[in-house]
Amino acid sequence: MRYSNCFIPTLRDVPADAEVISHQLLLRAGYIRRVTSGVYDYLPLALRVLRKIEAVIREEMNRAGAQELLMPMVQPGELWEKSERMEKYGPELLRFTDRHSHESCLGPTHEEVICDLVARELRSYKQLPMNLYQIQSKFRDEIRPRFGLMRGREFIMKDAYSFHADADCLAAEYDKMFATYQRIFTRFGLKFRPVEADTGSIGGSDSHEFHVLADSGEDLIAHCADCDYAANVEKAISVRPCISATPAALSVVETPGVSSVEDVAGFLSVDIGQLVKTLIYRIQGGAQDGAIVAACVAGDDQLQEIKLAHVAGADSVEMATDDDIASIGGVTGFVGPQQLSVRVLVDNRLHGATGLIAGANRRDAHVAGLDFGRDVPEAEFVDLRETRAGDRCSRCGGEMQLSRGIEVGQVFALGKRYTEPMEVLFQDRQGKRSVATMGCYGIGVSRLMAAIVEQCNDEAGISWPLALAPFQVGLISMGRSDAVRQTSEAIYRQFLEAGIDVLWDERNERPGVKFKDFELIGLPFQVVVGDRGLKEGAVEIGWRQQSRSSVPVADVVRVALSELEQARSSEAVN
């Protein structure tokens, strides 16, 4: 491709609304342009990268035995009603009514549509297992789209769905997809980590997320320094000793005007870990929708609300109001777990602890000597706390560490969460009608492009891995002589004949402009043709941001192809 024929609208200045480096560079290098909040145009360079990402995904999914299909983005509302997700999914599901008064939605995911398809075609266990996937646009009406492609409203996704006769078959496919994802992200040359994850609004039993490690990541992941245990903090379990004082009778201590755990600890001259935080929540969704629940963690811990929601059987939880707290016998700012007229959930770390301090459910007072076994016998001990750096691993006892990650893929073992309400039935080996079990496996293709830029950049711009660069070679003509033009044209055609993606900058621009543009858009390999070198019968070649060497004109393409092949082999090994 000749640069003068290419639509690459580069920018010299950083856009004011671009916070993270991928958003900044993809805008500046002419890869994307904003259409509206959370919605972007993918310009020619971006589309070339996306197609290369998709090619790797397709190759590995096909290798794993999955079959590609394409489903509609517009989905009938009755399918979502049947799966009972029409209301549960929340405002992220964009609903609309057509001219015939039929309610529809823009698909954020395709469990309902794929189940409807398979339910109509599946007859026998002999057709199972099957794994069907697509690469297609999705829409989620995010309340706060941000970070460019990292959290948009419209995005490109690879979503796969597998169907099975039993749980063992699903487990085997889940493992196969897990391994497939590891191959995909390894081929992209990324530093990534698979972690145990919450199933979220998709549902199911087991799930793993795949995170590209980056300081800009929205997700916090916990991982052990000594073993392979890793999990999203929404799911992570860790061990931390509880600070326990000498057993004592329960007594009331006056704490006038002192309510926060930090202030109470200072007022009573005790370690903050000896205190109990009693937090009151109202359940949203589930069988106990609207009910109030008390949750207790140590004073130096943070409650993980997603863990609480799971334990409470809720879709989500929200902080209770002062009136809610009063209705169960508590006093805002001085709530304790004793004698509350609600279910009391206590973090496992507090199990067996004695001599604790908690609110007295009376203004300006706390209780000392609290022992849950004695004073709150109805308490249920569960995992509620959020893992912190320095905790011990629940598996091996090693030290837990925290890292930021960008979620680019997730696998789910859904079981019968969708196949039962969607009536995906088949005749089993015994001739009986059975419900199929199901898995689903997603990769955020457009988000993956941004995540790669987050890892692959420097002060000059993007630094694409060779396999994903929109063009592998940047050919730069320096000078306006016939010799430069003719030599550049000959080299350009040789690269094309060799099947190499090459961008030839033959523009009438200053050398500094050309070099800055090529560094910004991130092409891995450069060939520079100039009058000075041609006087010696040579041109310069080299990798981006590295020194270049002189090569005889006749050998340029041969030497470049050799270097490119070596680099491909190195990327494949790494």
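Here are a few exercises with worked solutions on the predicted model shown above.

**Exercise 1. Cysteines**

Find how many disulfides the structure holds, and check C169 and C440.

*Solution.*
- Start with the total: a search through the whole structure turns up zero disulfides.
- Next, take C169, which is in no disulfide; its nearest cysteine sulfur belongs to C115 and is 16 Å away.
- Now turn to C440: its closest cysteine sulfur, in C115, is 9.7 Å away, too far for a bond. The cut-off to keep in mind is 2.5 Å between the sulfur atoms.
- Finally, look at surroundings: C169 is partly exposed at 24% relative accessibility, whereas C440 is buried at 4%.

**Exercise 2. Salt bridges between separate elements**

Work out which elements are tied together by K138 with D159, and which by R282 with D324.

*Solution.*
- The count for the structure comes to 43 salt bridges. In one of them, the side chains of K138 and D159 meet with N to O at 2.9 Å.
- Place these partners: K138 sits in strand β7 (residues 130–139) and D159 in strand β8 (residues 154–164), so the bridge ties together parts 21 residues apart in sequence. Both K138 and D159 are buried.
- Now the second pair: the closest N and O atoms of R282 and D324 are 2.6 Å apart. R282 belongs to strand β15 (residues 276–284) and D324 to helix α8 (residues 322–327), which links distant parts of the chain, 42 residues apart.
- Compare the cover: R282 is partly exposed, with a relative accessible area of 24%, while D324 is buried at 11%.

**Exercise 3. A further pair and a network**

Describe the bridge between D555 and R558, then list the residues of a network built from shared partners.

*Solution.*
- D555 and R558 meet through their side chains at 3.7 Å, N to O. This falls within the 4 Å cut-off for a salt bridge.
- D555 is partly exposed at 25% relative accessible area; R558 is exposed at 54%.
- For the network, follow salt bridges that share partners: they join R240, D300, D301, R349, R385, R388 and D391.

**Exercise 4. Cover and surface**

Is helix α10 mostly covered or mostly open, and where on the structure do E78, E81, E87 and E103 gather?

*Solution.*
- Helix α10 spans residues 445–455 and is mostly covered, with nine of its 11 residues buried. Among them are V445, L448, M449 and E454.
- The four glutamates E78, E81, E87 and E103 form a negatively charged patch on the surface.
- To check one member, take E78 in helix α3 (residues 77–82): its relative accessible area is 54%, so E78 counts as exposed.

Methods. Residues numbered from 1 in each chain as written. Predicted model: local features only at pLDDT ≥ 70, side-chain atom pairs only at ≥ 80, totals over all residues. Heavy atoms only, no water. Buried < 20%, exposed > 50% of the residue type's maximum accessible area, 1.4 Å probe, protein only. Helix = DSSP H or I, 4+ residues; strand = E, 2+ residues; numbered from the N terminus. Patch = residues over 30% accessible without salt bridge, like charges linked within 9 Å, V, L, I, M, F, W, Y side chains within 5 Å. Areas by Shrake-Rupley, 256 points an atom, 1.4 Å probe, with all protein chains shown as cover. Lys, Arg positive; Asp, Glu negative; His and termini not counted. Charge placed at Lys NZ, Arg CZ, Asp CG, Glu CD.
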